[in-house]
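Please look at the sequence and the 3D structure shown here. A student and a tutor will then discuss them.

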Amino acid sequence: MATLAGIRIRRAEPHDASILAEMRARSHSERNPVAPAELDRFRVTCERAFFRALSESWLRAWLAYDGERPIGTASLTLAATLPRVECHASFEPDDGARVDGRVRNVFVERTYRRRGVARALMAELFAEAEREGVDRLALGTSQLGRPLYEALDFVDKNDEMVYRRKPRSAISLR
Ligand SMILES: CC(C)(COP(=O)(O)OP(=O)(O)OC[C@H]1O[C@@H](n2cnc3c(N)ncnc32)[C@H](O)[C@@H]1OP(=O)(O)O)[C@@H](O)C(=O)NCCC(=O)NCCS
C-alpha cells in the first residue's frame, strides 16, 4: 500500500468491481457524449468484466483513496506472448515465455488532478509489471492522458494497426 500526501493507494480485489466500473463509466462519459441509459448498460457490463478479470488474475488494478472516498484508478492487463528480437540487444535463448502488459482504465477525479495521483498509481503498475516479467508495456491514450504518459517515458510507436470490425453478416471466411 502506497501513500501520497493523504492519498492512499491499494490493490483492487474482485469485490471492488463496482467502483472500478463506475470510474470507467465516468472516464468514458467525460471524453464521449453518451446517453444515460447507454452509460448504465456500459457500467453493468464493465462491473461484470472487472469482477471476472480480477478473479482470473489477468487484470491487476489499483485504487487511490482520500479517506474513504475512491478518487482514482489504474489497471494492467497481462497476456502471454511470443519472443521478439530487440534491435539494441543480442538475443540469448531462454524458455521463450514472454508477457505483454497493457495499461487500461487510468482515471483520476477532476478535483484531484495534477497532484501526482496518476503518477503514484502508475508507479504501482510499473512495479507489478516488473514483478510479472512484462516484456512490453503499451497503451492507447486519450488527449488528456498523453502528457501523463509522455512524462512517464512512453513513446509513440506507429506500426500498429487496429482491425475495424464489419457487421457480423458481412464477414466472410474464405
Ligand atoms: C490523465 C489523468 C489520469 C492524469 O491524472 P493526474 O492525477 O492529474 O496526473 P498526475 O498529477 O499524476 O500527473 C503526472 C504528470 O503528468 C503530466 N500531466 C498530467 N496531466 C496533465 C495535464 N492535464 N496537462 C499537462 N501535463 C499533465 C505532468 O507532467 C504531470 O506532472 P506535474 O504535475 O509534476 O507536471 C487525468 O487527467 C484523468 O483522469 N483524465 C481523464 C481520463 C483519461 O483521459 N485517462 C487517460 C486514459 S488513456
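The questions below concern a helix, a loop residue and the ligand shell.

Residues are numbered from 1 along each chain as its sequence is written. The model is predicted, with local features needing pLDDT of at least 70 and side-chain atom pairs pLDDT 80 or more, while totals for chains, interfaces and linings use all residues.

Student: How far does helix H3 reach from its first C-alpha to its last?

Tutor: Helices are DSSP runs of H or I with at least four residues, and strands are runs of E with at least two, numbered from the N terminus. H3 covers residues 117-131, which is 15 residues. The expected span is 1.5 Å times one less than the number of residues, here 21 Å. The computed reach is close to that, at 22 Å.

Student: Is Arg114 buried or exposed?

Tutor: Arg114 is found in the loop between strand S5 (98-108) and H3. A residue is buried if 20 or more other C-beta atoms, placed from the backbone, lie within 10 Å of its own, exposed if 12 or fewer, and partly exposed in between. Because Arg114 has 7 other C-beta atoms within 10 Å, Arg114 is exposed.

Student: Which residues come nearest to the ligand?

Tutor: A residue is near a molecule if its C-beta atom, placed from the backbone, lies within 6 Å of it. There are 19 residues around the ligand, and H3 is one of the elements that supply at least two of them. Those that come nearest are Arg113, Ala118, Gly145, Pro147 and Ala151.
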